[in-house]
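Grab a coffee and work through these exercises with the model open beside you. Try each task yourself before you read the solution.

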Amino acid sequence: MNSPLKSIRVVKVEERSRDAWLDMSLRQLREGEVRFYNVKDPVTGRWLFKVCPDEELHRAIVKALKCPPGKTFAQLEGSTMLFQRSPKLEGLYYGVVSVSYIDESGRLRRNVVESLEEVPEVVRENFEIKTYEEAVGKKAPGKRLVVLCREGDEKAMITLFLLERAWPVSEIKPELALLSRKILTLVKRLERASIDDLYEKAEGEYGLSRETVDDLLSILEREEEIVRLGDGYVKSRS
């Protein structure tokens, strides 16, 4: 995976040698080793995921246990994404590509994509896309395209959940949120940065307007990356 996905921080916080989970596609209660990950995403916020690898069936389920606040992301709490071992592509797992959207009533829905153009650009640029038939060796109704990741790459699986399920419905545009990392770099470089200095540096180095810098500072404040000092200055928390 290339930048800008490097700004997504995925940290394993717990590993259980024996636990259980419900596999909705099989309608079975499964048991085995599971892992928990804290995730800090500059676009959407903080998450807690449970990853359930099923070695017997060669599949893995990614489940969102805790989501960022708000009525949109609340609808993703408890949502899962399934990855299965490809019988045709050695060492690779595949997930059917589907993308979230919000309907007219504010409900979160998902579309299984039918063409490469419907796959989010950030997924196309950072992951390998194949047809379902190429990955599995046969056709299946309603399954056109899949995204691939290496077997056991749970960080990639979690990242794909964010890119397909959360980023498409985020109120903050990914390109804006990712710019916040540049502003954070400026704040750290200036140590105790005045807002006016940030405006000047951001415009000179990145061509950003004052309004955009204000939006980026709000994102960083929300993520608890910076603290406002109340006298026209900000500083990094780290």
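**Exercise 1. Work out how much surface the protein chain exposes and what share carbon and sulfur atoms supply.**

Step 1: The protein chain exposes about 13000 Å², an area that comes from the Shrake-Rupley method with a 1.4 Å probe, where for residues only the protein chains shown count as cover.
Step 2: Carbon and sulfur atoms supply 44% of that area.

Before going on, a word on the ground rules. This is a predicted model, so to speak of a local feature takes pLDDT of at least 70, side-chain atom pairs count only at pLDDT 80 or more, and totals for chains, interfaces and linings use all residues. Residues are numbered from 1 along each chain as its sequence is written, and side-chain values use heavy atoms, with hydrogens and water left out.

**Exercise 2. Sketch the overall build of the protein chain.**

Step 1: Count the secondary structure: there are 7 helices and 13 strands. Both are DSSP runs numbered from the N terminus, with at least four residues (H or I) for a helix and at least two (E) for a strand.
Step 2: Box it in. Along the principal axes, the C-alpha atoms fill roughly 60 × 40 × 40 Å.
Step 3: Check burial. Of the 238 residues, 46% count as buried (buried is under 20% relative accessible area, exposed is over 50%, partly exposed is in between, with a 1.4 Å probe and protein chains only).
Step 4: Look at the contacts (heavy atoms within 4.5 Å). Take those between residues at least 6 apart in sequence: 53% of them join residues at least 24 apart.
Step 5: Tally the charges. Lys and Arg count as positive, Asp and Glu as negative, while His and the chain ends are not counted. That gives 41 positive and 42 negative side chains, and the centres of the two sets lie 3 Å apart. Each charge is placed at NZ of Lys, CZ of Arg, CG of Asp or CD of Glu.

**Exercise 3. Trace the ring pairs around Trp47.**

Step 1: Start with the total, which is 5 aromatic pairs in the structure. Rings of Phe, Tyr and Trp (its six-membered ring) pair if their centres lie within 6.5 Å; planes under 30 degrees apart are stacked, over 60 edge-to-face, and the rest tilted.
Step 2: Classify Trp47 with Phe73. Their ring centres are 5.8 Å apart and their planes meet at 65 degrees, so this pair is edge-to-face.
Step 3: Place the partners. Trp47 belongs to strand E3 (residues 45-54) and Phe73 to helix H1 (residues 71-74), so the pair ties together parts 26 residues apart in sequence. Both Trp47 and Phe73 are buried.
Step 4: Repeat for Trp47 and Phe161. Here we have 6.2 Å centre to centre and 75 degrees between the planes, again edge-to-face.
Step 5: Phe161 sits in helix H4 (residues 154-166) and Trp47 in strand E3, so this pair ties together parts that are 114 residues apart in sequence. Both Trp47 and Phe161 are buried.
Step 6: Put it together: ring pairs link Trp47, Phe49, Phe73 and Phe161 into a cluster.

**Exercise 4. Is Glu154 buried or exposed, and what does Glu154 touch?**

Step 1: Find Glu154 in helix H4.
Step 2: Apply the cut-off: with 6% relative accessibility, Glu154 counts as buried.
Step 3: List its contacts, skipping residues up to four places away in sequence: Arg35, Tyr37, Val51 and Pro53.

**Exercise 5. Compare the settings of Leu116 and Arg124.**

Step 1: Leu116 is in the loop between strand E8 (108-112) and helix H2 (121-126), whereas Arg124 is found in helix H2.
Step 2: Leu116 counts as partly exposed at 42% relative accessibility, and Arg124 counts as partly exposed at 34%.
Step 3: Beyond its neighbours within four places in sequence, Leu116 is in contact with Arg124, Ile129 and Leu145. With residues up to four places away set aside, Arg124 touches Leu116, Glu117 and Val119.

**Exercise 6. Find where Arg27 and His58, two residues with positive phi, are located.**

Step 1: Phi of Arg27 is near 55 degrees, a positive value in a residue other than glycine. Arg27 lies in the loop between strand E1 (9-23) and strand E2 (28-41), and is exposed with a relative accessible area of 76%.
Step 2: Phi of His58 is also near 55 degrees. His58 sits in the loop between E3 and strand E4 (59-66) and, at 31% relative accessibility, counts as partly exposed.
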